[in-house]
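Welcome, and thanks for opening this structure. Let us walk through its sheet, its charged pairs and its empty spaces together.

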Amino acid sequence: MDYKDICKQVADLAIETGKYIRSEIAGFDSSKIETKGKNDFVSYVDKTTEKKLVEKLSQIVPEAGFIAEEGTRSDRGEVYNWIVDPLDGTTNFIHGLYPVCISIALQENGKTVVGVVYEIGLGECYTASLGDGACMNGKPIHVSERKTLKESLVGTGFPYSDYSKLDSFMKSMADLMQNTHGMRRIGSAATDLIYVACGRFDCFYEYGLSPWDVAAGAFIVEEAGGKVSDFSGGDNYIFGREMLAANAHVFSEFVNKVKSYME
């Protein structure tokens, strides 16, 4: 299977489908918001976007199954599976804010081989295929070269429904605020990860995540020379609902810091 060609097709699809999301954000009808859980929202835009993506992705790799946020397709494939978030940053979207992303990953036998994240606000399409490195709008990207946590900018996401680790999380933030260049919360985990991949952030961590939030972005970080793990430094970060990512220099220090609060 030609991962590089598939990646290009998926990137073209994400950019084209992103035009629909952009056209809806200015005049979005907030009365059509549905609630899946506490502070967990979905709109007709999420659902329509997912249907568009699923239809086209089914043509790119017909034998692949789907793990998709809105459940428009939920059949798992034996070998290949698409992991799809049609609109990462829904709360941003319904309030007329960017960033919002389309995030698409292809897995083969449980291993990610293609990742695409299209951030619609800036029109930046981040892509990676296995062994080919990572790009933004076709130009190679790499994680930052900062050597210590002290000089790093850290991205994070606030819990919106699972507050079981909130006290520990707040303590970790207090530490990082005082001992790094600062912290940022922009409301889209997929964007956080691509910002690590291109060096805007040096580190990122969050809990309460779903596979569609992180599968593509984590792969792009790895192909850009970074490292990802769960909070204990293990590899259960796509389905384990917790993730951290960093450049290779800072990674061990960052794992130890997060682990000391969140494990």
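Two strands are said to pair if DSSP finds at least two bridges between them. Helices (H or I, at least four residues) and strands (E, at least two) are DSSP runs, numbered from the N terminus. Please keep in mind that this is a predicted model, where local features need pLDDT of at least 70, side-chain atom pairs count only at pLDDT 80 or more, and totals for chains, interfaces and linings use all residues. Residues are numbered from 1 along each chain as its sequence is written, and side-chain values use heavy atoms, with hydrogens and water left out.

**The sheet**

An open sheet is built from 7 strands in the order E3-E4-E5-E6-E7-E8-E9, with mixed pairing. Its edges are strand E3 (65–68) and E9, each of which pairs on one side only. On average, neighbouring strands here are turned by 20 degrees against each other, direction ignored; for such angles, axes are lines fitted to C-alpha atoms, for helices over the stretch in contact, and angles run from 0 to 180 degrees between N-to-C directions.

Starting at one edge, E3 and E4 run parallel and share 4 bridges. Ile67 stands opposite Ile83 of E4. On the next step, E4 and E5 are antiparallel, joined over 7 bridges, and Trp82 faces Leu106 in E5. Strand E5 (residues 101–108) then pairs with strand E6 (residues 111–119), again in the antiparallel sense, over 8 bridges. There, Cys101 sits opposite Glu119 in E6.

How enclosed is strand E4 (residues 80–88)? Because 9 of its 9 residues are buried, E4 is largely enclosed by the rest of the structure. Here buried means under 20% relative accessible area, exposed over 50%, and partly exposed in between (1.4 Å probe, protein chains only).

**A buried helix**

H5 can be read in a similar way: 9 of the 9 residues of this helix are buried, so H5 is largely enclosed by the rest of the structure. Among its buried residues are Asp192, Leu193, Ile194 and Tyr195. Just after H5, Gly199 takes a positive phi of about 90 degrees.

**Charged pairs**

Side chains of opposite charge can pair when their charged atoms come close. A salt bridge is counted when a side-chain nitrogen of Lys or Arg lies within 4 Å of a carboxyl oxygen of Asp or Glu. By this rule the model has 7 salt bridges, and the table shows three of them.

| Salt bridge | Closest N to O distance |
|---|---|
| Arg200 and Glu124 | 2.8 Å |
| Asp202 and Arg146 | 2.9 Å |
| Glu242 and Lys165 | 3.2 Å |

Arg200 and Glu124 form a salt bridge. This pair links distant parts of the chain, 76 residues apart: Arg200 is in the loop between helix H5 (189–197) and strand E12 (203–207), while Glu124 is in strand E7 (residues 124–129). Arg200 is partly exposed at 34% relative accessible area, and Glu124 is buried at 8%.

Asp202 and Arg146 also meet in a salt bridge. Asp202 belongs to the loop between H5 and E12, and Arg146 to the loop between strand E9 (139–141) and strand E10 (153–156), 56 residues apart. Asp202 is buried, with 1% relative accessibility, whereas Arg146 is partly exposed, with 34%.

Glu242 and Lys165 make another such pair. Glu242 lies in strand E14 (residues 242–246) and Lys165 in the loop between E10 and helix H4 (166–179), so the salt bridge ties together parts that are 77 residues apart in sequence. Glu242 is buried at 14% relative accessible area, and Lys165 is partly exposed at 28% relative accessibility.

**Empty spaces**

On a 1 Å grid over the protein atoms alone, a cavity is a set of points where a 1.4 Å probe fits but cannot get out, and a pocket is an open set with protein on both sides within 12 Å along at least five of seven lines; lining residues have an atom within 4 Å of a point. Grid points are joined across faces, edges and corners, and a volume is the space filled by probe spheres set on the points.

The model has 1 cavity of 30 Å³ or more, and the largest cavity holds about 50 Å³. Its lining includes Phe158, Asp162, Glu206 and Arg241. By class, this lining has 4 nonpolar, 2 polar and 3 charged residues; Ala, Val, Leu, Ile, Met, Phe, Trp, Tyr, Cys and Pro count as nonpolar, Asp, Glu, Lys and Arg as charged, and the others, Gly among them, as polar.

The second largest pocket has a volume of about 240 Å³. Of its 15 lining residues, Lys4, Cys7, Lys8, Thr127 and Cys135 lie nearest its centre. Helix H1 (3–25), E7 and strand E8 (134–136) each supply at least two residues of this lining.
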